[in-house]
Each structure stands twice: as structure tokens, then as C-alpha cells.
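Subject: Structure handover

Hello,

Here is the structure you were expecting, with the sequence alongside. My notes follow below it.

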Amino acid sequence: MEGNLHLIGAGLVVIGAGIGIGRIGGSAMDAIARQPEASGKIQTAMLIAAALIEGIGFAALFAVS
């Protein structure tokens, strides 16, 4: 039973990270549409935030397994 809980936890981590990165990407595209001149700064911030979320997701997966 405990092994199944680990799999559920891992699934929740992956889903949460995917939702977070998706929201970051969508918000960044909205921001670029509103202020195209700031696209470089927005893209940089988006990539950094996505990398941090992905890193937290990997760390959580390793902690679960």
C-alpha cells in the first residue's frame, strides 16, 4: 500500500509542475502581447522560473522514490 502512495505522490508532483510551467508560459505570452518591447526580459524571467519549478519537481520526485 505504501508503494502506491509514493506513485500517487510522484504523479501529483508531475501534474503540479506541469500546471505551474504552463501558467508561467501563458502569462509570459500575455505579457509579451501587451508589451512587445519587453519580450527579452519577460522570456528570461519565464525561463528562470520554469527551470526552478522543474528543479523542484525533480527534487520532489527523488524524495518520493
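What follows is a short account of the chain as a whole, then its helices, then a few individual residues.

Please keep in mind that this is a predicted model.

Overall build

The protein chain contains 2 helices and 0 strands. Along the principal axes, its C-alpha atoms fill a box of roughly 55 × 15 × 5 Å. The radius of gyration of the chain is 15 Å, whereas a compact globule of 65 residues would come out near 11 Å. Of the 65 residues, 14% are buried. The exposed area of the chain is about 4700 Å², and 71% of that comes from carbon and sulfur atoms.

Helix α1

Helix α1 covers residues 2-34, and leucine 5 is part of it. Leu5 also belongs to a nonpolar surface patch, together with Ile8 and Leu12. The accessible area of these three residues adds up to about 320 Å².

Glycine 9 is in α1 too. Its relative accessible area is 21%, and buried means under 20%, so glycine 9 is classed as partly exposed. From glycine 9 to alanine 31 there are 22 residues in sequence, and the C-alpha atoms of the two are 33 Å apart in space.

Helix α2

Helix α2 runs over residues 39-64. With 26 residues, α2 spans 37 Å from its first C-alpha to its last, which is close to the 38 Å expected at 1.5 Å a residue. The buried residues in α2 are Ile42, Met46, Ala50, Gly57 and Val64.

Two alanines in this helix were looked at separately. Alanine 49 lies in α2, and its relative accessibility of 26% is why it counts as partly exposed. Between the C-alpha atoms of alanine 49 and histidine 6 the distance is 26 Å, with 43 residues separating the two along the chain.

Alanine 59 is likewise found in α2. Because its relative accessibility is 46%, and exposed means over 50%, alanine 59 also counts as partly exposed. The C-alpha atom of alanine 59 is 20 Å from that of isoleucine 24, a residue 35 positions away along the chain.

In brief

The model has 2 helices and 0 strands, a radius of gyration of 15 Å, and a nonpolar surface patch formed by Leu5, Ile8 and Leu12.

Regards

Notes: Residues numbered from 1 in each chain as written. Predicted model: local features only at pLDDT ≥ 70, side-chain atom pairs only at ≥ 80, totals over all residues. Heavy atoms only, no water. Patch = residues over 30% accessible without salt bridge, like charges linked within 9 Å, V, L, I, M, F, W, Y side chains within 5 Å. Areas by Shrake-Rupley, 256 points an atom, 1.4 Å probe, with all protein chains shown as cover. Salt bridge = Lys/Arg side-chain N within 4 Å of Asp/Glu carboxyl O. Helix = DSSP H or I, 4+ residues; strand = E, 2+ residues; numbered from the N terminus. Buried < 20%, exposed > 50% of the residue type's maximum accessible area, 1.4 Å probe, protein only. Rg over C-alpha atoms; globule rule 2.2 N^0.38 Å. Expected span 1.5 Å × (residues − 1).
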